[in-house]
Amino acid sequence: AAIRDDAGGMTVSLSSTALVGLGGGLESLIDYPYGCTEQLVSRLIPMLPLRGMADDYKLSLPKDLDRAVAKGVADILSHQRGDGSFGIWAESPEGSPWVTAYALWGLSTAKRAQVAVPQPALDSATRYLREALPRMEQDGNLFASSPFILDVLAENGSPDPGRVSTVFEKRQKLPLFSQAMLLHAMVLSKS
């Protein structure tokens, strides 16, 4: 008798997976307004497996998902420079090896998901990273970013077993996550 039927309420949703509340998050992902290279890649990556998940889990996808994925790829590519590198922003005065590796990872992941990504863009980013590694090593900057860069290169068919072995010798100085990435690079590089 003390319950008011004009206020409050409860909605119960049941699902065989934890994906039951994914819908609102998808819209936020597609409408994400920020555009540095890292944010664009971080936005693109979770959109890639959605088509398969939608089929498997009977999810309704936003109608413009394919367009958002294509736009994400185009926006990332707009940050690439003539030397193959990527900057934080399209207007950034110079490219960054770490940002380039992150962009290459995102774009190659999209390509493996059957999204149209121009192979020359991937090739030039790979070439830039292969040329940047010796310079980074000379400057003493290689160690912090190297496991990720080496893993991305190996995933894209351009492993550097020698550099992987060199970093492996100093692996105790790496955080655990970097050690895991280095291990993955070693397996892909067959080091």
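In the predicted model, arginine 130 has a relative accessibility of 32% and therefore counts as partly exposed. This residue takes part in a salt bridge with aspartate 160, in which the closest nitrogen and oxygen atoms lie 4.0 Å apart. Arginine 130 belongs to helix H6 (residues 119–139), whereas aspartate 160 is placed in the loop between helix H7 (142–155) and helix H8 (161–169), so the pair ties together parts that are 30 residues apart in sequence. Aspartate 160, in contrast to its partner, counts as buried because its relative accessibility is 11%, the cut-off for burial being under 20%.

Aspartate 160 also forms a salt bridge with arginine 163, and here the closest N and O atoms are 2.8 Å apart. Both of these residues, aspartate 160 and arginine 163, are buried. Taken together, Arg130, Asp160 and Arg163 are linked in a network of salt bridges. In general terms, side chains of opposite charge can pair when their charged atoms come close.

The count of salt bridges in the model comes to five. One of them joins the side chains of lysine 71 and aspartate 75, with a distance of 2.8 Å from N to O. These two residues are four positions apart in helix H4 (residues 65–77), and are therefore separated by about one helical turn. Lysine 71 is partly exposed, since its relative accessible area is 47%, and partly exposed residues are those between the 20% and 50% limits.

With regard to the overall architecture, the secondary structure of the protein chain comprises nine helices and zero strands, and the order of elements from the N terminus on is accordingly written α-α-α-α-α-α-α-α-α. The protein chain has 191 residues, of which 40% count as buried. Among the contacts in the protein chain with a separation of 6 or more, 60% are accounted for by residues 24 or more positions apart. The accessible surface of the protein chain comes to about 11000 Å², and carbon and sulfur atoms contribute 56% of this area.

Helix H5 (residues 97–112) consists of 16 residues and extends 22 Å from its first C-alpha to its last, which is close to the 22 Å expected at 1.5 Å a residue. The buried residues of H5 include Pro97, Val99, Thr100, Ala101, Tyr102 and Ala103, and among the others that are buried in this helix are Leu104, Gly106, Leu107, Ser108 and Ala110. H5 is followed by glutamine 114, a residue whose phi is positive, near 70 degrees.

The packing of H5 against H4 can be described in the usual geometrical terms. Two packed helices are described by the angle between their axes and the distance between the axes. For H4 and H5, the angle is about 145 degrees and the axes are 11 Å apart, and H4 passes H5 in a left-handed crossing. On the side of H4, the residues that meet H5 are Val73, Ile76 and Leu77, and these come together with Ala103, Leu107 and Ala110 in H5. Ala103, Leu107 and Ala110 also appear among the buried residues of H5.

A further position to be considered is methionine 186, which is found in helix H9 (residues 176–189). Methionine 186 has a relative accessible area of 14% and is therefore buried. Methionine 186 and phenylalanine 168 are 18 residues apart in sequence, and their C-alpha atoms are 8.7 Å apart in space.

How values were computed: Residues are numbered from 1 along each chain as its sequence is written. This is a predicted model: local features need pLDDT of at least 70, side-chain atom pairs count only at pLDDT 80 or more; totals for chains, interfaces and linings use all residues. Side-chain values use heavy atoms; hydrogens and water are left out. Buried means under 20% relative accessible area, exposed over 50%, partly exposed in between (1.4 Å probe, protein chains only). Contact means heavy atoms within 4.5 Å. Accessible areas come from the Shrake-Rupley method with a 1.4 Å probe; for residues, only the protein chains shown count as cover. The expected span of a helix is 1.5 Å times one less than its number of residues. Axes are lines fitted to C-alpha atoms, for helices over the stretch in contact, and angles run from 0 to 180 degrees between N-to-C directions. A crossing is left-handed if the near helix is turned anticlockwise from the far one by less than a right angle, and right-handed if clockwise.
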